Amino acid sequence: MATVILKKGEGRTIKAGGAWIYDNEINEIKGDYENGDLVHVEDFDGYPMGQGFINTRSKITVRMMTRRKDTVIDDAFLEMRVRNAWEYRKSTVDTSSCRLIFGEADFLPGLVVDKFSDVLVVESLALGIDRLKLKILDLLKKVLAEDGIAIRGIYERSDAKVRLQEGMERFKGFIGEPFDTKVEIIENGVHYMVDVQDGQKTGFFLDQKYNRLAIQRLCPGKKVLDCFTHTGSFALNAGIAGASSVLGVDASELGVAQAEENASLNGLSDRVKFTCADVFDLLPQLEAQGEQYDVVILDPPAFTKSRNSIKNAVKGYREINLRGMKLVKDGGYLATCSCSHFMDPELFAKTIREAAAGVHKRLRQVEYRTQAADHPILWEKDQSSYYLKFYIFQVCDEK
């Protein structure tokens, strides 16, 4: 096995609990290897740092699998990782549909596996783990079967652009026998049809599960606006909780069509309506029409996926929060979130505070939440697995 030797003073990320070694942190590589192989990692003075997968095509050159130099990474090791991930989910979340493996936070870097009822969806984003993908999936099926859970099909959604940075082709398709890729799930009492083939990411955003549940208690008898509704998840939670009327807005015609299908599935089509529109255009129009809502929900896509575009992202978050607050009745509620890792909690809070000041509103925090526990936050310096910030506020006029 080849050995990667770090430069003096480098390796701060993994020393602080992270899982990545970047190309500019490496002094030399001793021994023969192919990209995707396991390598030993040593500090500049020979101190062992563990083992990981190497890929010199990627800026993230090594993704760590273990901090121990003598660990054997074999089938038994992988089964231990898979079993630990499943036991953790059983203890922390509703496992009828959940994220089973969350990459680095489950110590399987670059691999995501979601369970939608009896279907698995896998996303493989790194070369080394991609070689072990089929073995890990077999182990997952074995561990789930021990609890009486039979998996009827697996679909791969490794179609993200980031695979190109690993020197890998994008891929989308069945692993094993084909099956109906429209999968019905139930979450918080709401039924959804999840399109694992053509839906965004792996088909459905499981990370907001308990945040969606949290807004239910605010909505009975209320008029609700759900912005960036995607396939209608927050809107449907409002509807199932007894909202008098709900309007869901999204710029995607496909998303709106799926949301309407989901509303029908839950018998909510009379009270939960959807429209296809750009939220940034629609909110000023609703304000001009004098519309007011008891609850406004803002669940936008990530406005930034890099540090370079953070300034524009701040403007976007400030604008939608400002517009959203204007549409909340005095004493009503605003649920607002950011799913961008680069919009850190402090900056997001500052942006919301500035938006409130801009429209002379006082905010009373009801609660602050993050992603569901099946997307665990691994504590380390960069906290790359911590990305979702979710606030519920009461919005009060200045008096």
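User: Which residues of helix H5 are buried?

Analyst: In this predicted model, the buried residues of H5 are Lys209, Asn211, Arg212, Ala214, Ile215 and Gln216. Six of the eight residues in this helix, which covers residues 209-216, are buried, so H5 is largely enclosed by the rest of the structure.

User: Why is Val395 called buried?

Analyst: Buried means under 20% relative accessible area, and Val395 has a relative accessibility of 1%, so it counts as buried. Val395 lies in strand S20, residues 389-397, and, leaving aside residues up to four places away in sequence, it touches Met325, Val328, Lys329, Asp330, Gly331, Gly332, Leu334, Lys361, Arg362 and Leu363. The C-alpha atoms of Val395 and Ala356 are separated by 8.8 Å, with these positions 39 residues apart along the chain.

User: How do you know that Asp299 has no salt bridge, and where in the chain is this residue?

Analyst: A salt bridge needs a side-chain nitrogen of Lys or Arg within 4 Å of a carboxyl oxygen of Asp or Glu, whereas the nearest side chain of opposite charge to the buried Asp299, that of Arg212, is 5.7 Å away. Asp299 is placed in the loop between strand S17 (293-298) and helix H9 (310-326).

User: What makes the pairing of Asp299 with Gln208 a polar contact?

Analyst: The cut-off for a pair of N or O atoms is 3.5 Å, and the side chains of Asp299 and Gln208 are joined at 3.1 Å. Gln208 is also among the residues that Asp299 touches, together with Cys227, Phe228, Phe234 and Cys337, when residues up to four places away in sequence are not counted.

User: Why is Cys219 in no bond with Cys227?

Analyst: A disulfide requires cysteine sulfur atoms within 2.5 Å, and the sulfur of Cys219 is 13 Å from its closest cysteine sulfur, in Cys227, which is too far for a bond. A search of the whole structure finds zero disulfides. Cys337 is likewise in no disulfide, the nearest cysteine sulfur, in Cys339, being 6.8 Å away. Cys219 has a relative accessible area of 0% and is therefore buried, and Cys337, with 1%, is buried as well.

User: What makes Asp37 and Arg131 a salt bridge?

Analyst: Their closest N and O atoms are 3.0 Å apart, which means that the pair falls within the 4 Å limit. Asp37 sits in the loop between strands S3 (26-30) and S4 (38-42) while Arg131 belongs to helix H3 (residues 127-145), so the pair ties together parts that are 94 residues apart in sequence. Asp37 counts as partly exposed at 25% relative accessibility, and Arg131 is partly exposed at 45%.

User: Which residue forms a salt bridge with Glu104?

Analyst: Arg63 does, with the closest N and O atoms 3.4 Å apart. Glu104 lies in the loop between strands S7 (97-102) and S8 (111-116) and Arg63 in strand S6 (residues 60-66), so this pair ties together parts 41 residues apart in sequence. Both Glu104 and Arg63 are buried.

User: Why is Asp294 called buried and Lys329 partly exposed?

Analyst: The limit for buried is under 20% and that for exposed is over 50%; Asp294, at 18% relative accessibility, therefore counts as buried, whereas Lys329, at 32%, counts as partly exposed. The two residues form a salt bridge with closest N and O atoms 3.4 Å apart.

How values were computed. Residues are numbered from 1 along each chain as its sequence is written. This is a predicted model: local features need pLDDT of at least 70, side-chain atom pairs count only at pLDDT 80 or more; totals for chains, interfaces and linings use all residues. Side-chain values use heavy atoms; hydrogens and water are left out. Buried means under 20% relative accessible area, exposed over 50%, partly exposed in between (1.4 Å probe, protein chains only). Helices (H or I, at least four residues) and strands (E, at least two) are DSSP runs, numbered from the N terminus. Contact means heavy atoms within 4.5 Å. Lys and Arg count as positive and Asp and Glu as negative; His and the chain ends are not counted. A polar contact is a pair of N or O atoms within 3.5 Å; within protein, one must be able to donate a hydrogen and the other to accept it, and residues adjacent in sequence count only if both atoms are side-chain atoms.
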